[in-house]
Amino acid sequence: MMHGYSYTERRRLLQVHASAPAFVFFNILFIWGFYVSVIRQAVPLLNDAVFSCEVVFLVIGLYSILTSDPGIVTNGSASSDQPLNSSVSQVDNHDEELELPCHESTEGSGLGTRVRYCRSCKAYIKGLDHHCPAFGNCIGQNNHLLFLILLFGFISTEASYLVCASLFAAKSGILDRPSMERTLSENLAVSTILFTILQLVWQVVFVIWHIYCVCVNIRTDEWINWKKYPEFLLVVQPQPGQRFANVRFRNPYDKGILQNVEEFLALRA
Ligand SMILES: [Zn+2]
């Protein structure tokens, strides 16, 4: 019952998590509006077409990821491959702030599933990577690829905007004049350029992290919480003189870059 989401429950969740994505959406809209009214006149047709297509792609992508199912485990699909029901009753009996249940390690049920619990969604997600507030959804097995594509989409759109805005800046010579002598729209152009550079910096770092995770086949959630998932624990027997066994990290999912990437791309298929 706990993670069998009905349509209305999902709608409610969507509304709760929609404020940050709404902000992201209005951000895109604002930049787009500013672009059309100020920047566009200084931009060649090709750049204009590329940037416009990217904005349309972002809006569609944002909507798709917001409404996508990251791989929520329902009772039906859980009973088919995993004995989740017994553990659910355990969770029900306890406080919600309880340690994450890590029973659903993948032993015996195929290594592909990797079901983890998301506190924000209060749901079990197949292949949970992290809960993304900006996109208002969990990133799991089903939308991980979409997430990465969208991230690349944001980066390329921002890069395009920077090109367009610098063309505008060069044409109007705003960088040669002190800010006091600029018009409001010229100052806005400078602000949006700085804002976009900032966005680009953290998103590039973020995308590098995710590419690394794909290459070594680990999820962000697993990287943070590996001590809670038994399959990552390698118990090293104590040496003579040591009193306790050491626990080390090992990744049972890492099968080499090529196979890891292949597995990642096959998740959605
Ligand atoms: Zn979530």
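**Close-up views of the predicted model**

**View 1. Asn-217 sits in the loop between α7 and α8 (220-225).** Helices here are DSSP runs of H or I with at least four residues, strands are runs of E with at least two, and both are numbered from the N terminus. This is a predicted model, in which local features need pLDDT of at least 70 and side-chain atom pairs pLDDT 80 or more, while totals for chains, interfaces and linings use all residues. Residues are numbered from 1 along each chain as its sequence is written, and side-chain values use heavy atoms, with hydrogens and water left out. Look at the backbone of Asn-217: phi is positive, about 55 degrees, although the residue is not a glycine. Most residues other than glycine have a negative phi. With a relative accessible area of 4%, Asn-217 is buried (under 20%; exposed is over 50% and partly exposed lies in between, with a 1.4 Å probe and protein chains only).

**View 2. Asn-217 also helps to line the largest cavity.** Its neighbours in this lining are Asp-129, His-144, His-210, Cys-213, Val-214, Ile-218, Arg-219, Glu-263 and Phe-264. A cavity is a set of points on a 1 Å grid over the protein atoms alone where a 1.4 Å probe fits but cannot get out; a pocket is an open set with protein on both sides within 12 Å along at least five of seven lines, and lining residues have an atom within 4 Å of a point. The largest cavity holds about 70 Å³ (the space filled by probe spheres on grid points joined across faces, edges and corners), and the count of cavities of 30 Å³ or more is one. Helices α7 (184-216) and α9 (257-266) each supply at least two lining residues, with α7 giving the most, three.

**View 3. A zinc ion is held by three cysteines and a histidine.** The protein donors (N, O or S atoms within 2.8 Å of the metal, or 3.2 Å for Na, K and Ca) are Cys-118 (SG), Cys-121 (SG), His-131 (ND1) and Cys-138 (SG), lying 2.0 to 2.4 Å from the ion. In sequence, you can pick them out by the spacing C-x2-C-x9-H-x6-C. Cys-118 belongs to strand β1 (residues 115-118) and Cys-138 to strand β4 (residues 137-139), so this pair ties together parts 20 residues apart in sequence. Both Cys-118 and Cys-138 are buried. Why is the arrangement around the zinc ion tetrahedral? The four donor atoms subtend angles of 100 to 121 degrees, and four donors count as tetrahedral if all angles lie between 85 and 135 degrees.

**View 4. Lys-122 has a positive phi of about 50 degrees without being a glycine.** You will find Lys-122 in the loop between β1 and β2 (123-126). Its relative accessibility is 38%, so Lys-122 counts as partly exposed.

**View 5. Cys-53 belongs to helix α3.** Cys-53 is exposed, with a relative accessible area of 54%. The buried residues of α3 include Phe-51, Ser-52, Glu-54 and Val-55. Across the fold, the C-alpha atoms of Cys-53 and Thr-157 are separated by 9.1 Å, although these residues are 104 apart along the chain.

**View 6. The largest pocket offers about 450 Å³ of space.** Of its 25 lining residues, Val-24, Phe-154, Glu-158, Gln-199 and Gln-203 lie nearest the centre. Two or more lining residues come from each of α2 (19-39), α3, β3 (130-132), α6 (144-172) and α7.

Technical notes:
Four donors count as tetrahedral if all angles lie between 85 and 135 degrees; four count as square planar and six as octahedral if opposite donors are over 155 degrees apart and all others between 65 and 115; anything else is irregular.
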